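Welcome, and take a moment to turn the model around before reading on. The paragraphs below go from a loop to the whole chain, then to its interior and its charged pairs.

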Amino acid sequence: TLRQVEVRIARDDKNLAIRVNLFVPNKASRPVPAFLLICNRGPENIDATRQAKSEFWPAEEGIPRGYAMAAFLNADVDPDRHDGFQNGIHGILDVEPRGADAWGTIAAWAWGASRVLDYLETLPQINPQQVAVIGHSRGGKTALWAGAEDQGLRAAATPPSISISSTIRGTASAVSPSMRERRIKACSRTSISNASGSTERELCRSRSCAASAKHPDPLTARS
């Protein structure tokens, strides 16, 4: 079964939408584990119609094995180019001048993965205790950071190695309280829209807010 939704983040008059493609196995007898891909290539690599099939997101291999397969574009969260951190989620949440320890693009993409996880946790078809985040290249770096920063992501994988998030979480660096405050303030402004554009629900992000206070966002520069 295919689901296409938008996770919308808004603050004041600024907003963005993280477009999520999700395949869930049909007729599963219990909630299934899921892989969440952070796609740092073009949208054709996560084509929901499957007219274009890419090894970058082998959904056809995961579904028969009983896994849900989810994917989103990193560029939906923050541009994959040098823009002075003026656009994307930085343009929404950065309300103060950026300091030397300000969060970077990889940190922003990891933050976006956590917002998609917030959505997956609302689905009865998904086992929230068995969601892994994956990626390639910069998406792989982002997957490792996301797994380190968010306890809800139970594993992080990037070729050719796999790291359980609990083993790498200790590498996370602290950031200023203002970053945590910006993350928490955005909580009530996150919503899910289906493919037709209608809002399905507002996300309750108490889990992610609590996690952000304990495991703040990383000090990650663009790479």
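In which loop is Lys27 found? Lys27 sits in the loop between E2 and E3. Please keep in mind that this is a predicted model. Lys27 has a phi near 60 degrees, a positive value in a residue other than glycine. With a relative accessible area of 85%, Lys27 is exposed. Another loop offers a similar story: Asp12 lies between E1 and E2, and although Asp12 is not a glycine, its phi is positive, at about 55 degrees. Asp12 is exposed too, with a relative accessible area of 67%.

Now step back to the chain as a whole. Its secondary structure comes to 7 helices and 9 strands. The chain has 223 residues, and buried ones make up 52% of them. Among contacts between residues at least 6 apart in sequence, 65% join residues that are at least 24 apart. The accessible surface of the chain comes to about 10,300 Å², and carbon and sulfur atoms account for 51% of that area.

Next, let us go inside. In soluble globular proteins, nonpolar side chains tend to be buried together. Here the largest nonpolar core has 41 residues, of which Ile18, Leu22, Phe72, Ile89, Leu120 and Ile126 touch the most other members. Several elements give two or more residues to this core: the strands E1 (2-11), E2 (14-23), E3 (32-39), E4 (68-73) and E5 (126-135), together with the helices H2 (88-93), H3 (105-120) and H4 (138-149). Helix H3 provides the largest share, 11 residues.

Ile126 is a good place to look around in this core. Leaving out residues up to four places away in sequence, Ile126 touches Val24, Pro31, Val32, Ala34, Ala68, Leu120 and Val131. Apart from this core lies another, of 12 residues, including Phe23, Trp57, Ala59 and Ile134.

How many of the residues of H3 are buried? The helix is mostly covered, with 16 of its 16 residues buried. From its first C-alpha to its last, H3 reaches 23 Å, close to the 22 Å expected for its 16 residues at 1.5 Å a residue. This helix also holds a charged pair: Arg115 and Asp118 both lie in H3, 3 residues apart, which is about one turn of the helix. The two form a salt bridge, with their closest N and O atoms 2.9 Å apart. Is this pair buried or exposed? Buried means under 20% relative accessible area. Arg115 therefore counts as buried, at 0% relative accessibility, and so does Asp118, at 5%.

A search of the whole structure finds 6 salt bridges, so there are others to visit. Asp80 forms one with Arg138, and the closest N and O atoms of this pair are 2.9 Å apart. What parts of the chain does the pair link? Asp80 belongs to the loop between E4 and H2, while Arg138 is in helix H4, so that distant parts of the chain, 58 residues apart, are linked. Both partners are partly exposed: Asp80 has a relative accessibility of 30%, and Arg138 has a relative accessible area of 27%. In a further salt bridge, the side chains of Arg8 and Glu6 meet at 2.5 Å, N to O. Arg8 is partly exposed, with a relative accessible area of 30%, and Glu6 is partly exposed as well, at 21%.

Two more residues round off the visit. Arg3 lies in strand E1 and is partly exposed, with a relative accessible area of 27%. Which residues does Arg3 contact, leaving aside its neighbours within four places in sequence? They are Val20, Asn21, Leu22, Tyr119, Leu123 and Gln125. Of these, Leu22 is 19 residues from Arg3 in sequence, yet the two are 5.1 Å apart in space, C-alpha to C-alpha. Leu22 is also one of the core members named earlier as touching the most others.

Finally, look for Ser54 in the loop between E3 and helix H1 (59-62). Although it is placed in a loop, Ser54 is buried, because its relative accessible area is 16% and the cut-off for buried is under 20%. The side chain of Ser54 makes a polar contact with the side chain of Asn45, at 2.9 Å.

Terms used:
Residues are numbered from 1 along each chain as its sequence is written. This is a predicted model: local features need pLDDT of at least 70, side-chain atom pairs count only at pLDDT 80 or more; totals for chains, interfaces and linings use all residues. Side-chain values use heavy atoms; hydrogens and water are left out. A nonpolar core is a set of buried Ala, Val, Leu, Ile, Met, Phe, Trp, Tyr and Cys residues joined through side-chain atoms within 4.5 Å. Buried means under 20% relative accessible area, exposed over 50%, partly exposed in between (1.4 Å probe, protein chains only). Helices (H or I, at least four residues) and strands (E, at least two) are DSSP runs, numbered from the N terminus. Contact means heavy atoms within 4.5 Å. A salt bridge is a side-chain nitrogen of Lys or Arg within 4 Å of a carboxyl oxygen of Asp or Glu. The expected span of a helix is 1.5 Å times one less than its number of residues. Accessible areas come from the Shrake-Rupley method with a 1.4 Å probe; for residues, only the protein chains shown count as cover. A polar contact is a pair of N or O atoms within 3.5 Å; within protein, one must be able to donate a hydrogen and the other to accept it, and residues adjacent in sequence count only if both atoms are side-chain atoms.
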